[in-house]
Amino acid sequence: MAQKPSIPKGTRDFGPEEMAKRNYIFNTIKDVYALYGFQQIETPAMETLQTLMGKYGEEGDKLLFKILNSGDYLSKVSDEELHERNSLHLAASLCEKGLRYDLTVPFARYVVMHRDELQLPFKRYQIQSVWRADRPQKGRYREFYQCDADIVGSDSLLNEIELMQIVDTVFTQFGIKVQIKINNRKILAGIAEIIGEPDKIVDITVAIDKLDKIGLDHVNAELKANGISDEAIEKLQPIISLEGSNEAKLNVIAGVLQGSETGLKGIEEIKFILDTLQSTGLNNEIQLDLTLARGLNYYTGAIFEVKALDTSIGSITGGGRYDNLTGIFGMPGLSGVGISFGADRIYDMLNTLNLYPKEATNATQVLFINFGEKETTYCLPFVSQLRKAGIRTELFPDKAKMKKQMGYANAKHIPFVVLAGENEMNEGKLTLKDMQTGEQTLVTIEELTTTVLK
């Protein structure tokens, strides 16, 4: 019996209609990136594990898909190592490469390798697949696309402001109402100092970043499990539960962080970003959220996350400032800031809210019916003329029954069908059928073109 075909969990096939929708997403984002002067690059699907490991924290390292070495990958592994069954140790011996986890670390590697070719500041965008060995669930996949934009070689906070404008423009064009959440890792570092746990900044940020998902009690339990004192946890409560306007939150946290130079620097940066954005006239709300932590270790300044207001899907865009990322590849001191749109979650959301414009999913606009060789010869020049006018046009390839050809047009939601028989050929015209109304009209090719392009 033939094996039933399947695909790995957490991956998906996309048919023509789905791809039309996805291309609408990618093209919208590309167009906005281009408006702001970003240029496109691509990097390989796989990177060396040396490039990837240690860049995403302990949790991120566990989610890396590792690739077995080519050829006899067991040749360098002893029987003793196999017998020990230490999976992490074996993976280091058996695998030298892995699928990229995100686009930011490969981008940092790209910048270092091509530094002599780049004009700084360098503004790049990248739209490619990434892979994570995560547990598949609604809105979370093992293979998914990211649509990143990054600026490296500039410390200016105007870059953060520009990225927030890009986020606002993209979601305005999609018709999705969002809330842009913003925080600063310097503020979080300052909080860790003030509560007496400066060395536990990673544990604190990883835990409080889960507040929306697991609730305050579970966050506190995780903090305690990570060795943070009861006194420190108690001091943290009013900070992570802080509510009110952005200005009110800034005033309160500024008072709390008076003893932390790092924390006050973070407040200064956030205040500049929020004040400047107020004058740009964003269409969507921007909110200071002191529980936002963005678990990845490489963020050092402002951090962002975007959540939709009309659906329960989680974060759909995120990013932040990463001053020291390229240092691990031998290029210290190069500052960077970036954002990443989650294309797959945006795709699901646009489907849920039915926000795709009609022209995004309509492919062929005109179908010519095939009555035979003589009629096909007559129609082919008109088919070419319509295509030159930018009208997506098909000629049915076989002389099939009219019912089959009309069924093809209906199945593909083709709005217009063209018929050309003896009468049309004698008059040098075509019969145009509107598939929605059923109305048929004898027209010239110029009249047909005008009708379709209306």
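**Exercise 1. Helix α12**

Find the helices against which the buried residues of α12 pack.

*Solution.* Step 1: locate the helix. α12 covers residues 230-240; helices (H or I, at least four residues) and strands (E, at least two) are DSSP runs numbered from the N terminus. This is a predicted model, in which local features need pLDDT of at least 70 and side-chain atom pairs count only at pLDDT 80 or more, while totals for chains, interfaces and linings use all residues. Residues are numbered from 1 along each chain as its sequence is written, and side-chain values use heavy atoms, with hydrogens and water left out.

Step 2: pick out the buried residues. Buried means under 20% relative accessible area, exposed over 50%, and partly exposed in between, with a 1.4 Å probe and protein chains only. In α12 the buried residues are Ala232, Ile233, Leu236, Gln237, Ile239 and Ile240.

Step 3: list the partners. These buried residues of α12 pack against α8 (185-194), α9 (201-208), α10 (211-214), α11 (216-225) and α13 (246-256).

**Exercise 2. The sheet of eight strands**

Give the strand order of the open sheet of eight strands, then name the strands at its edges.

*Solution.* Step 1: read the order, which is β1-β5-β6-β11-β10-β9-β7-β8, with mixed pairing. Two strands pair if DSSP finds at least two bridges between them.

Step 2: find the ends. β1 (39-40) and β8 (285-288) each have a single partner strand, so one side of each has no neighbour in the sheet.

Step 3: add the helix. Helix α1 (residues 16-35) packs on the sheet and touches β1, β5 (122-131), β6 (143-152) and β11. The direction of α1 makes about 5° with that of β6; axes are lines fitted to C-alpha atoms, for helices over the stretch in contact, and angles run from 0 to 180 degrees between N-to-C directions.

Step 4: check one pair of strands. β10 (residues 315-321) and β11 (residues 336-342) run antiparallel and are joined by five bridges. Threonine 317 lies opposite phenylalanine 341 in β11.

**Exercise 3. Valine 130**

Describe the surroundings of valine 130.

*Solution.* Step 1: valine 130 belongs to strand β5. Step 2: its relative accessible area is 0%, and valine 130 is therefore buried.

Step 3: collect the contacts, a contact being heavy atoms within 4.5 Å. Leaving aside neighbours within four places in sequence, valine 130 touches Arg100, Tyr101, Asp102, Leu103, Arg142, Glu143, Phe144 and Gln146.

Step 4: consider alanine 45, which is 85 residues from valine 130 along the chain. The C-alpha atoms of these two residues are separated by 7.6 Å.

**Exercise 4. The sheet of three strands**

Which strands stand at the edges of the sheet with the order β2-β4-β3?

*Solution.* Step 1: this open sheet has antiparallel pairing. Step 2: β2 (46-48) and β3 (66-68) are the edge strands; each has a single partner strand, so one side of each is left without a neighbour in the sheet. Step 3: direction ignored, neighbouring strands are turned by 45° against each other on average.

Step 4: β2 and β4 (residues 95-99) run antiparallel, joined by three bridges. The bridge partner of glutamate 47 is glycine 98 in β4.

**Exercise 5. Strands β14, β15 and β16**

Trace the pairing of β15 (residues 430-434) on both sides.

*Solution.* Step 1: β14 (residues 416-419) pairs with β15 in the antiparallel sense over four bridges. Valine 417 has lysine 433 as its bridge partner in β15.

Step 2: β15 and β16 (residues 440-443) also run antiparallel, with four bridges. Lysine 433 stands opposite glutamine 440, and leucine 430 opposite valine 443.

Step 3: look at the link. The hairpin of β15 and β16 has five residues between the strands, and glycine 438 takes a positive phi near 80°.

**Exercise 6. The largest cavity**

Describe the lining of the largest cavity.

*Solution.* Step 1: a cavity is a set of points, on a 1 Å grid over the protein atoms alone, where a 1.4 Å probe fits but cannot get out; lining residues have an atom within 4 Å of a point.

Step 2: the lining consists of Phe107, Ala108, Val111, Val152, Tyr322, Thr326, Leu334, Ser335 and Gly336. Helix α6 (residues 104-113) gives the most, with three residues.

Methods:
1 Å grid on protein atoms, 1.4 Å probe; cavity = no way out; pocket = protein on both sides within 12 Å on 5 of 7 lines; lining within 4 Å.
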